[in-house]
Amino acid sequence: MRVAVFSSKAYDRLFLDQANEAPRHELVYFEPPLTAETAALAAGFRGVCAFVNDRLDQEVLRQLHNSGIELIALRCAGFNNVDLAEAERLGITVARVPAYSPHAVAEHAVALLLSLNRMTYRAYNRVREGNFSLDGLLGFDLYGKTVGVVGTGKIGLIFADIMHGFGCRALASDPAPDPNAKAFVQYVSLEELLAEADIISLHCPLTPQTHHLIDAQAIARMKDGVVLINTGRGRVVDTRAVIDALKNGKIGRLGLDVYEEEEQLFFQDLSQRVIADDLFMRLTTFPNVLITGHQAFFTREAMSHIAETTLANISAFEQGSGTLHRVSADRLA
């Protein structure tokens with residue numbers, strides 16, 4: 001099957017080629033993201049392979065349909081960038097990678113927390129400049145703290161498990177509690193979690209219900225000086241509200257691996273350009289904010305699993321047999 005791979009970097013090509021044994025499929029790589037301006041590149045292909053920030057709205061889907069595209073193979077778990085109803089109407093199958101390495105994302109959330117707590121990123125730069133002062137580097141013991149986990153899929157529960165190992169109390173909020181959650185995970189309402197947690201980590205999907213879940217009202221319920229970590233979806237957090245909370249001290253530390261307007265920024269080198277996103281640039285001015293560019297998933301194990309599942313989805317679609325991790329419009333309900 002001939003597939004156009006958008007938003008492809010050297011590492012994508014490495015892992016996809018390794019997974020494409022024989023090779024089974026003809027993969028043609030395009031570095032630009034999939035947008036209305038680049039959709040024409042898919043002409044002559046039967047499928048496209050897209051990533052988290054590729055745009056698959058109504059306009060793009062209609063262009064793909066007119067080009068003969070039958071399959072959209074997402075090499076990610078999230079599908080909020082796809083107009084699923086329109087894809088279904090056009091007869092385009094959408095498949096995803098439902099899980100890869102939940103440990104990768106959970107461990108990155110912990111890395112953000114630890115680095116923010118002990119300000120290791122600031123200490124690193126100071127020592128390189130010969131500054132060994134400890135002013136501004138004061139952290140706190142994680143032991144005995146209450147950690148709130150919003151969303152208890154595999155990633156959220158692994159994060160809770162790790163924090164339990166630090167001696168933390170784990171509170172969790174999820175509309176569908178996991179009956180297999182370990183005994184130390186206590187499910188409470190979101191309101192109770194926000195009020196009691198010293199540290200809050202977001203691991204929920206982006207849905208209409210979770211869009212700006214963390215807004216000014218939610219932040220007002222939190223403890224003063226709360227630590228907020230988001231490795232889930234950028235639009236779960238209202239950036240303007242978070243900036244206000246950083247300015248008045250309500251949020252004491254903020255760790256982000258995702259950002260609500262990240263599709264204009266992440267996965268590209270903008271070091272020689274002026275970044276026009278004023279909200280993002282404002283975030284970078286706070287000494288108690290640590291931002292990484294959507295790299296939580298980026299481990300060898302996760303990349304291998306993503307590539308293997310993506311190729312398996314393409315094969316299952318082509319052959320009409322095997323496991324196809326299809327995403328349909330009813331997932332929006």
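This briefing walks through the main sheet, the helices packed on it, and a handful of residues in a predicted model. The central item is an open sheet of 7 strands with parallel pairing. Around that come an aromatic cluster of five named residues, Tyr-11, Phe-51, Phe-267, Phe-297 and Phe-298, and cysteines that form 0 disulfides.

**The sheet**

- Reading across the open sheet, the strand order is 8-7-6-9-10-11-12, and the pairing is parallel.
- At the edges you'll find strand 8 (185-187) and strand 12 (289-291), each of which pairs on one side only.
- From one strand to the next, the twist averages 20 degrees.
- Strand 6 (residues 146-150) and strand 7 (residues 169-173) run parallel and are joined by 5 bridges.
- Within that pairing, Val-149 stands opposite Ala-172 in strand 7.
- Strand 6 is also joined to strand 9 by 4 bridges, and those two run parallel as well.
- Gly-148 has Ile-200 in strand 9 as its bridge partner.
- Moving along the order, strand 9 and strand 10 pair in the parallel sense over 4 bridges.
- For Ser-201, the bridge partner in strand 10 is Ile-229.

**Which way the side chains of strand 9 point**

- In a regular strand, side chains alternate between the two faces of the sheet.
- Strand 9 gives a neat look at this: Ile-199 and Ser-201 point one way, while Ile-200 and Leu-202 point the other way.
- All four of these residues, Ile-199, Ile-200, Ser-201 and Leu-202, are buried.

**Helices on the sheet**

- Helix 6 (residues 154-165) packs on the sheet and touches strand 6, strand 7, strand 8 and strand 9 (199-202).
- The direction of helix 6 makes about 170 degrees with that of strand 6.
- Helix 9 (residues 239-248) lies across strand 10 (226-230), strand 11 (251-256) and strand 12.
- Relative to strand 11, helix 9 runs at about 140 degrees.

**Leu-246, a residue of helix 9**

- Leu-246 sits in helix 9, and Leu-246 is buried, with a relative accessible area of 7%.
- Setting aside neighbours within four places in sequence, Leu-246 is in contact with Ile-251, Leu-254, Leu-283, Phe-286, Asn-288 and Val-289.
- For a sense of span, the C-alpha atoms of Leu-246 and Gly-322 are separated by 49 Å, with their positions 76 residues apart along the chain.

**Gly-167, a loop residue**

- Gly-167 is in the loop between helix 6 and strand 7.
- With 27% relative accessibility, Gly-167 counts as partly exposed.
- Leaving out neighbours within four places in sequence, Gly-167 is in contact with Tyr-143 and Gly-144.
- Gly-167 and Phe-79 are 88 residues apart in sequence, and C-alpha to C-alpha they are 35 Å apart in space.

**Positive phi away from glycine**

- Met-119 isn't a glycine, yet its phi is positive at about 55 degrees.
- Met-119 is in the loop between helix 4 (102-118) and helix 5 (120-128), and Met-119 is buried, with a relative accessible area of 5%.
- His-294 is not a glycine either, and it has a positive phi of about 55 degrees.
- His-294 lies in the loop between strand 12 and helix 11 (300-319), and at 11% relative accessibility His-294 counts as buried.

**Aromatics and a charge over a ring**

- Searching the whole structure turns up 8 aromatic pairs.
- One aromatic cluster is made of Tyr-11, Phe-51, Phe-267, Phe-297 and Phe-298.
- If you follow up on individual pairs, a pair of aromatic rings is described by the distance of the centres and the angle of the planes.
- The charged end of Arg-2 sits over the ring of Phe-45, at 4.1 Å from the ring centre.

**Cysteines**

- There are 0 disulfides in the structure.
- Cys-76 is in no disulfide; its nearest cysteine sulfur belongs to Cys-49, 8.6 Å away.
- Cys-76 is buried, with a relative accessible area of 3%.
- Cys-168 is in no disulfide either, and its nearest cysteine sulfur, that of Cys-204, is 20 Å away.
- Cys-168 is also buried, at a relative accessible area of 6%.

Key
Residues numbered from 1 in each chain as written. Predicted model: local features only at pLDDT ≥ 70, side-chain atom pairs only at ≥ 80, totals over all residues. Heavy atoms only, no water. Phe/Tyr/Trp six-rings, centres within 6.5 Å; stacked < 30°, edge-to-face > 60°. Lys NZ or Arg CZ within 6 Å of the ring centre and 35° of its normal. Pairing = 2+ DSSP bridges. Axes fitted to C-alpha atoms, helices over the stretch in contact; angles between N-to-C directions. Contact = heavy atoms within 4.5 Å. Disulfide = S-S within 2.5 Å. Buried < 20%, exposed > 50% of the residue type's maximum accessible area, 1.4 Å probe, protein only.
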